[in-house]
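Visitor: I would like a close look at how the helices pack against one another in this model. Could you take me through the crossings and the residues that make them?

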Amino acid sequence: MERERLGSRLGFILLSAGCAIGCGNVWKFPWMVGKNGGGAFVLVYIACLLLLGLPAMTMEFALGRAAQASPVRMFDKLEKKGQYWHIHGRIALIGNICLMAFYTVVTGWMIYYFVSFVTGKYEDLGFGAMISNPTVNVTYLAIAVLVGFAILTMQLQGGLERITKYMMTLLLVLMLILAIKNGTLEGAVEGYKFYLVPDFSKIDRSVIVAAMNQAFFTLSVGMGSMAIFGSYIEKDHSLLGESVNVILLDSFVAIMAGLIIFPACASFNLEVGAGPSLLFDTMAEVFRHMNGGRIWGSLFFLFMVFAAFSTELAVCETILACVRELTGWSRKKGCLICGIIVFGLALTTALGYSVWQFHPFGPDTAWLDFWDFIVSTNILPLGSLLIAVFCTNKRFGWGWDNFVAEANQGKGLKIKNWMKPIFTIIVPIAIIVIYLIGIVGFFG
């Protein structure tokens, strides 16, 4: 099977950034800021993003570009004879499927809120009522899966790359419009102060750990989604430089999401530490009380739909590429079968708050928590640890010299020798710390 290529460097950057952005940036980042001291958290987050996220992303890009294969095959091509790194390729495929088992449902929630504001039926919107309605959940899950895989049936350049360029451009435009609008609200300056002025007294161990987690997980490294896009590009630009571009765009969207949400919360005196409900309940309440709220709410949730789809499309492309390499199927056949599998598994999450309840970790948990535990708590950090060791250890894996030679090909920023301790020591240790804290916190 001839390997498809992206048509432009811009397409690669937007696709990679779109995968990283998703709901982690525009939903989770603002409520993490709200719960962890505002500007102090933002400052630590940016530092962690550069120290941990940049090396991790560069390593995954390098694996994909060197192997010219999807995650399910890339270790087979790079590992030494008799090694077993390729097992992680199969685990990465399972992880991506598990991620879509709940993420497609979240995408459906965004679509539902957007449709509700467009049609003017938003007065009684509530997060609890939505997730407990099986008809709403299954209907909008079906829309999310159908639209996603319909786009992927087209060729890489004419489908995924072209649609992502339009979608990401509109996302950025919508963010700017909403940020300017909310900046004009009375009392918005208090929201800016909370968000942008760091109170260093609030930086403690919990804030640092939370920032490390967010910086690490927002980039979606560890399961091969970045590797697949690395495999679609040529070798005319260095990968450290490309990773910087992706992280800058990813960070811009996260910061802009806060510039939309916190001035609005301050203006209407709403709780910024509301957690996951910050988006669905708090922001819906903002638009109910805002002049022209139906229009502004529609634009806000359209922006959220684009953000959600940016990750869904990237991860589903990873699943599709893996399955096609294993089976030799065409894009259309692969999309049909992968779409059915994703929809079937995602029904657990869609119905998990109503007719198909499952409480894996206690009475307040559901299928979403189960799938998230598999992916976020385990496969992402452990996968990233394996990639870091594989890329930097010659005895057990691909090795530092091979990694640097691949990453430094082309124009742009190069990896220098003084950076080696960051890649070989700091990043693996930080990942282990994040994982152990995550496990202890989950079961503690």
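Guide: What follows takes the helix crossings in turn, with the residues on either side of each.

The model is predicted, and for that reason local features are described where pLDDT is at least 70 and side-chain atom pairs count only at pLDDT 80 or more, while totals for chains, interfaces and linings use all residues. Residues are numbered from 1 along each chain as its sequence is written, and side-chain values use heavy atoms, with hydrogens and water left out.

A good place to begin is helix α13, residues 293-327, where helix α6, residues 134-152, comes within 10 Å of it, axis to axis, and crosses at roughly 60°. Helices here are DSSP runs of H or I with at least four residues, numbered from the N terminus, and the axes are lines fitted to C-alpha atoms over the stretch in contact, with angles from 0 to 180 degrees between N-to-C directions. That angle makes α6 oblique to α13, a word for whatever is left once under 35 degrees is called roughly parallel, over 145 roughly antiparallel and 65 to 115 roughly perpendicular. The crossing of α6 with α13 is right-handed, the near helix being turned clockwise from the far one by less than a right angle, whereas anticlockwise would be left-handed.

On the α6 side of this contact (heavy atoms within 4.5 Å) are Ala144, Val145, Val147, Gly148, Phe149, Ile151 and Leu152, and they meet Phe309, Glu312, Leu313, Cys316, Glu317 and Leu320 of α13. By class, the contact of α6 with α13 has 10 nonpolar, 1 polar and 2 charged residues, where Ala, Val, Leu, Ile, Met, Phe, Trp, Tyr, Cys and Pro count as nonpolar, Asp, Glu, Lys and Arg as charged, and the others, Gly among them, as polar.

Helix α13 also packs against helix α7, residues 157-183, with the two axes coming within 9 Å and crossing at roughly 150°. This crossing of α7 and α13 is left-handed. From α7 the contact draws on residues including Leu160, Thr164, Met167, Leu171, Ile177 and Lys181, which face α13 residues including Trp296, Leu299, Phe303, Phe306, Ala307 and Ser310. Phe309, Leu313 and Glu317 of α13 take part in the contact with α7 as well as in the contact with α6. The residues of the contact of α7 with α13 divide into 18 nonpolar, 2 polar and 2 charged.

Elsewhere, α2 and helix α11, residues 239-267, bring their axes within 9 Å and cross at roughly 140°, and α2 and α11 are therefore oblique to each other. The crossing of α2 and α11 is right-handed. Among the α2 residues in this contact are Val42, Tyr45, Leu49, Gly53, Met57, Phe61 and Arg65, and among their partners in α11 are Leu239, Ser243, Val246, Ile247, Asp250 and Ile255. Here the contact of α2 with α11 divides into 13 nonpolar, 4 polar and 2 charged residues. Beyond the end of α2, Gln68 sits in the loop between α2 (39-67) and α3 (71-78), and the phi of Gln68 is near 50°, a positive value in a residue other than glycine. Most residues other than glycine have a negative phi.

How values were computed: Helix = DSSP H or I, 4+ residues; strand = E, 2+ residues; numbered from the N terminus.
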